[in-house]
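Student: I should like a close look at a single part of this structure, namely the cysteines and the sheet beside them. Please treat the matter as one connected account.

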Amino acid sequence: MAEGNWTRVSEFILVSFSSLPTEIQSLLFLTFLVIYLVTLLGNSLIILVTLADPTLHSPMYFFLRNLSFLEIGFNLVIVPKMLGTLIAQDTTISFLGCATQMYFLFFFGVSECFLLATMAYDRYVAICSPLHYPVIMNPRTRAKLAAVSWFPGIPMATVQTTWLFSFPFCGINKVNHFFCDSPPVLSLVCADTALFEIYAIIGTILVVMIPCLLILCSYTRITAAILKIPSAKGKHKAFSTCSSHLLVVSLFYVSSSLTYFRPKSNNSPESKKVLSLSYTVITPMLNPIIYSLRNNEVKNALGRTFHKAMGVRNCFL
């Protein structure tokens, strides 16, 4: 297309769930609003409790606190705008707003991949080298591991977002999604995007596969260590410390892999929206529930914090 025929796009329209009847959209709004509030409350509680309770100052809960920060950020980037499109039919998003949303989507998504790998390494050290665990995972080391987990999201998000939004758009500005994801925005570009697509595919594979391999290596060694434990009670206790993390990893990787690695012929826009909901909306809500319901230390700490809060409240009454 000649350059003179390009139309400068100043805003995008998020198609979201506009094809559904108004009644269904209202029901979706209420459902996602409840999920959003539960997500914010659950992850905020995890952060507050792991900071307030001295028994939860171990490295495992330090990384769990980082995960909760990520989940809150992930939700703040996507869900408020989605709720607006459902209840107020505010489907427009500015060019800069779309780029900003995509940037933070990449940033939080990549950071979560590496943070989950770091949490797997933490479990490996705790189970395979329990006597040296406090020395190996000292405050300085875990701060470095957290920084290493957060950092890869910055260059990935910067390069991919800047490159994509430097392309010309051809006037068609309807993004067939409920947020500014790379594939639906890329389909609006009127230029040769072959090199960008190669970069995006390679980048996605590396971001997914490197942490996935690290997690696999950690749990291979963890499994070997657990099998050597003589008592069934000891095996169960060791496995229980990993089960919550394994479940979170499975939810995140299965849903995101189905979204970005399915063949295009099998990937309709509607099915992709449903899959995207699983890792952008549902999984962030489930993570604090999984860690609180399956972890006695967290449940006990929540109880102690609640009783302390009630005691302080009664003092003022």
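Tutor: The account below begins with the sheet, passes to the helix that packs on the sheet, and then takes up the cysteines.

The model is a predicted one. Its open sheet is built from 3 strands, arranged in the order β2-β1-β3 with mixed pairing. Because β2 (92–94) and β3 (174–175) each have a single partner strand, they stand at the edges, and one side of each lacks a neighbour in the sheet. Strand β1, residues 11–14, pairs with β2 in the antiparallel sense, over 3 bridges. Within this pairing, F12 has I93 of β2 as its bridge partner. Helix α3, which covers residues 95–128, packs on the sheet and touches both β1 and β2. The direction of α3 makes about 85° with that of β2.

Helix α3 also leads to the cysteines, since C98 lies in this helix. The structure contains 2 disulfides. One of them joins C98 to C180, with an S to S distance of 2.0 Å. Its partner C180 is located in the loop between β3 and α7 (182–186), and the two cysteines, 82 residues apart, link distant parts of the chain. The link of C98 and C180 is left-handed, with -120° about the S-S bond. Both cysteines of this pair, C98 and C180, are buried.

The other bond joins C170 to C190, again with S to S 2.0 Å. Here C170 sits in the loop between α6 (153–164) and β3, whereas C190 sits in the loop between α7 and α8 (194–227). These two positions are 20 residues apart, and this pair too links distant parts of the chain. C190 has a relative accessible area of 13%, and it therefore counts as buried, the limit being under 20%. When the bonded cysteines are counted along the chain, the disulfides follow the pattern 1-3, 2-4.

There remain cysteines outside these bonds. C113 is in no disulfide, and the nearest cysteine sulfur, that of C212, is 9.0 Å away. A disulfide requires sulfur atoms within 2.5 Å. With 5% relative accessibility, C113 counts as buried. C217 is likewise in no disulfide; for C217 the nearest cysteine sulfur is that of C212, 9.9 Å away.

Note on methods. Residues numbered from 1 in each chain as written. Predicted model: local features only at pLDDT ≥ 70, side-chain atom pairs only at ≥ 80, totals over all residues. Heavy atoms only, no water. Pairing = 2+ DSSP bridges. Helix = DSSP H or I, 4+ residues; strand = E, 2+ residues; numbered from the N terminus. Contact = heavy atoms within 4.5 Å. Axes fitted to C-alpha atoms, helices over the stretch in contact; angles between N-to-C directions. Buried < 20%, exposed > 50% of the residue type's maximum accessible area, 1.4 Å probe, protein only.
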